[in-house]
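User: I would like to learn how to read a ligand site, a metal site and unusual backbone geometry in a model. Could you take me through them in turn?

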Amino acid sequence: MRLHFSSPFRAWLDALGAQRARLLLLVSGSVSLGLLALVWSFTWQRLESEKALTRANAQVQQQNLTAIISENLTQVLDRGRLMAITAESCLDGQDKGAGARLSAMIAADRIFLRVALYDEQLRQVYASSSGRDEPELLTAMAEFLRTPASQGVARLGLAPLPLANEQAWQIPLMVPVLGPRDQPAGVLLLVLDLGYFLRLYHHIDIGRTGRIQVLRLDGQVVAEARQEGLVLQSAGARNPNLLPVNQPQGAMEADLYRDGRTHLSNYQQPHQMPFRVVVSREMGDILAVHQATRDRFLGVLSLVSALFLGASLWVTQGIRRQARYTAALAQADHDNRALITQLEDEKRRAFVMASHDPLTGLPNRRMFNELLSSHLQQAKRNRKHYALMYMDLDHFKQVNDTLGHHVGDLLLQAVSKRLRTVLRDSDLIARLGGDEFAILLTALERADDAAVVAAKIVSELCKPYLDLDGHEIQASPSIGVALFPRDGHDTDALCRNADAAMYQSKRAGRGHYTFYDASLNPADARLFNLAQRLPRAIAEGELVLHFQPKVNLSDYQISGFEALVRWQHPEHGLIYPNDFIPLAERTGAILELGDWVAEACCQQLASWRKQGQRLVPIAFNVSAIQLHDSLLPERIAQLLTRYELDGTLLQVEITETCLVESMDVANTVLHQLEQLGIHIALDDYGSGFSSLAYVRTLPIHCLKIDRGFIHDIRNSPDDAVIVSSIITLAHNLKMCVVAEGVELVDQLVHLKTAGCDQVQGYFFSRPVPADEASSLLNRPSLAPT
Ligand code: C2E
Ligand code: MG
Ligand code: MG
């Protein structure tokens, strides 16, 4: 039969797990066996103690019976002795009524069958009934009279027992009858009716094997009674096992009758009597009831144990089978999962292989097209600008041909890495094949942002690749940009247009990006290209600083210089900042440029100091992007330390736009610069919207009035009023005022009248190279002649 557990139990087993189920089995099996052993041990002890109790009870019972019988026998014999005393009177003949009294005593005592009195010559003097005196009897009486009384035992004799079975219950006893000097003068023969005596104990249950025996001291059986009645003993029958001689009473457990059975025997010698009363019973008989109970008990217990063990075995087998099933199921489940995982991995790998470029890990053309169309769906909903760029590497074929495909592969991998760093996570990059990449810029706020990103990509990819299998490679991309929805509403149109734009870029030369919509391309392609080359120009030292003096209107002394950057291009000559600064700001190159300018200022001051030149502060322009670089003050502090300059020798010019965007960081940076001793000037003031009330909360020391106000100051009363009020307000706020773009003496006169502190402009000097600036410094004054 199979064991089937109910489903909750099976579920519990399943949850338990095969290992734990085995442990549970072991523990519960041990506990069950332990309990069983405990029950057995308890039962066994209980049975043993019951057995001992039964034996003890039987012994007490037998001992009591022995004592009662002994006592009764003593009483009977005492009555015999009393008769002997009465018989004394009979024997000396003085008391004529003695015989009658004896007869009366016998008549009252049914235990004596016959009483006969014999004198010293063994002549019968009295007899309660007629009877023949056997010669053995007379011999025994003669012997009895001759035998002296033994110590401690009453003089009482046992005459030879009758041989005939029908008289076997008649026990002839001899009691001495004393004469006047207490000498035996005769014998009183008392025939005891043992049957009558022992019948007194008939009602006592001594068991099937119980015996009551009266033994002579030498062990001869005088009488024996059993449950079925008096046992006839032939004369001289002896109890084969001798009882201890010296002990008047006791108990023993032994094979007393040599019949192969153990008997419990109690014996007692009545006081001063030559008898012993023995009550014995077979142990088997005594313990029969107990044995039956014990057998029944053990039987039931064995049965229960067998059932219990059987049930345990059954349950164990069931649990083991269940545990095996569970383990097999778990294994199958595990195998299935492994298989599913493997299949999923395979599927994923297959998908990745089918949808990705193995060299760069980027999505391939197929995948890109899918992603592109899903993004365009989204683009239609969120109304943002999306830009699709097609890009390839200029002269990539040459790299492959000259340095080998391995280096070409490394270059492609490096390019894909750089693209990832420049782009946001939300933008898509794919390798369409060969050196061709596609990029999708997602969710742009303005279409112009695409140009910023494209410029960044060009700038990043133009940086040299320093170690491609030991080769240093200079590469550049050509990018074509198509905008959604402007240049196409679906993938096909966008891809086609981005591709066309890319070829346009290629035609324009290396390292370009071109919008499909020509109106988005920078007007001056030459300057635009220059801006894209700017990072290299900085690195290759093509930038120079020109210095324009700021002149005190009080004494026409040079109070400082403004450093203005120029690009000394090897082909295009000197290029002015308005042509490349805005693009540098959009591509982020402004940070590098700004650092270069700050260091160049410090170098110039250090150089003038070395030449023994009088030092005046040099102001340099800082764009809004730089002001959001929280590490700027730290870098400038390092420069001051490196060139051992005081912070007051540097000034920083910021425009109003710096203050409009994210004031928190800018404010901190400005305060940190002020801490270094650097003065801050607000450049082109008036061209923006900052109020002086707002400016006063910032650490600004100087206002530079935008040259737009100065230009028409003579002809425009408005401008004149504005300039005058700016000067008054600035002075109230403890700021100095510099007027920019002063070209004419009239402007100078006007400004001097209005209380302006300093001026800067072509009137005194154009921005000039360092050596010319130095000679300007050497002039005692720049006063107009
Ligand atoms: P800016 O800071 O207001 O500099 C003054 C500009 O006015 C200079 O043009 C200067 O040559 C020009 N200027 C000076 N006096 C006169 C004058 O009398 N008449 C006229 N018409 N112009 C005069 P520049 O050097 O072309 O610089 C243009 C702008 O480029 C600067 O304006 C400044 O905003 C920016 N710039 C120049 N150098 C740097 C630089 O190193 N870093 C940053 N971020 N911007 C710079
Ligand atoms: Mg300036
Ligand atoms: Mg200015």
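Analyst: What follows goes through the ligand site, the metal ions and the backbone, bearing in mind that this is a predicted model.

User: Which residues are closest to ligand 1, and how many surround it?

Analyst: A useful start is to list the shell and then ask what kind of residues make it up. Here 22 residues surround ligand 1, and the closest are R566, D683, R707, E743 and Y762. By class, the shell holds eight nonpolar, six polar and eight charged residues.

User: Which elements supply at least two residues of that shell?

Analyst: Mapping a shell onto helices and strands shows where its residues come from. β20 (558-569), α14 (577-587) and β24 (679-685) each supply at least two residues of the shell around ligand 1, and the largest share, four residues, comes from β20.

User: Which side chains have an N or O atom close to an oxygen atom of ligand 1?

Analyst: Polar contacts are read as pairs of N or O atoms, with side chain and backbone kept apart. An oxygen atom of ligand 1 is 2.7 Å from an N or O atom in the side chain of R707, and an oxygen atom of the ligand is 3.1 Å from such an atom in the side chain of D684. With Y762 the partner is a backbone N or O atom, which lies 2.9 Å from an oxygen atom of ligand 1. The protein covers 87% of the 780 Å² of accessible area that ligand 1 has on its own, and the space taken by the ligand is the largest pocket.

User: What are the protein donors of the magnesium ion (ligand 2), and how are they spaced in sequence?

Analyst: For a metal, one names the donor atoms and then looks at their spacing. The magnesium ion (ligand 2) has E562 (OE), N621 (OD1), E653 (OE) and D683 (OD) as protein donors, lying 1.9 to 2.2 Å from it, and in sequence these residues are spaced E-x58-N-x31-E-x29-D. N621 lies in strand β22 (residues 618-621) and D683 in strand β24, so this pair ties together parts that are 62 residues apart in sequence.

User: What coordinates the magnesium ion (ligand 3), and which residue bridges the two ions?

Analyst: The magnesium ion (ligand 3) is coordinated at 2.0 to 2.6 Å by D683 (OD), D684 (OD) and, listed twice, E740 (OE), with the donor residues spaced D-D-x55-E. D683 is the bridge between the magnesium ions, ligand 3 and ligand 2, which lie 4.0 Å apart. D684 belongs to strand β24 and E740 to the loop between β26 (736-739) and α23 (745-754), so that pair ties together parts 56 residues apart in sequence.

User: Where is the peptide bond cis, and which residue has a positive phi although it is not a glycine?

Analyst: Most residues other than glycine have a negative phi, and most peptide bonds are trans. In this model the peptide bond from F484 to P485 is cis, with omega near 5°, and P485 is found in the loop between β17 (477-484) and α12 (491-508). Y556 has a positive phi of about 60° and lies in the loop between β19 (543-552) and β20.

Notes
Residues are numbered from 1 along each chain as its sequence is written. Chains are lettered from A and ligands numbered from 1 in the order in which they are written. This is a predicted model: local features need pLDDT of at least 70, side-chain atom pairs count only at pLDDT 80 or more; totals for chains, interfaces and linings use all residues. Side-chain values use heavy atoms; hydrogens and water are left out. A residue is near a molecule or strand if one of its heavy atoms lies within 4 Å of it. A polar contact is a pair of N or O atoms within 3.5 Å; within protein, one must be able to donate a hydrogen and the other to accept it, and residues adjacent in sequence count only if both atoms are side-chain atoms. Accessible areas come from the Shrake-Rupley method with a 1.4 Å probe; for residues, only the protein chains shown count as cover. On a 1 Å grid over the protein atoms alone, a cavity is a set of points where a 1.4 Å probe fits but cannot get out, and a pocket is an open set with protein on both sides within 12 Å along at least five of seven lines; lining residues have an atom within 4 Å of a point. A molecule sits in a cavity or pocket if more than half of its atoms lie within 2 Å of its grid points. Ala, Val, Leu, Ile, Met, Phe, Trp, Tyr, Cys and Pro count as nonpolar, Asp, Glu, Lys and Arg as charged, and the others, Gly among them, as polar. Donors are N, O and S atoms within 2.8 Å of the metal (3.2 Å for Na, K and Ca); water is not among the atoms, so sites may look incomplete.
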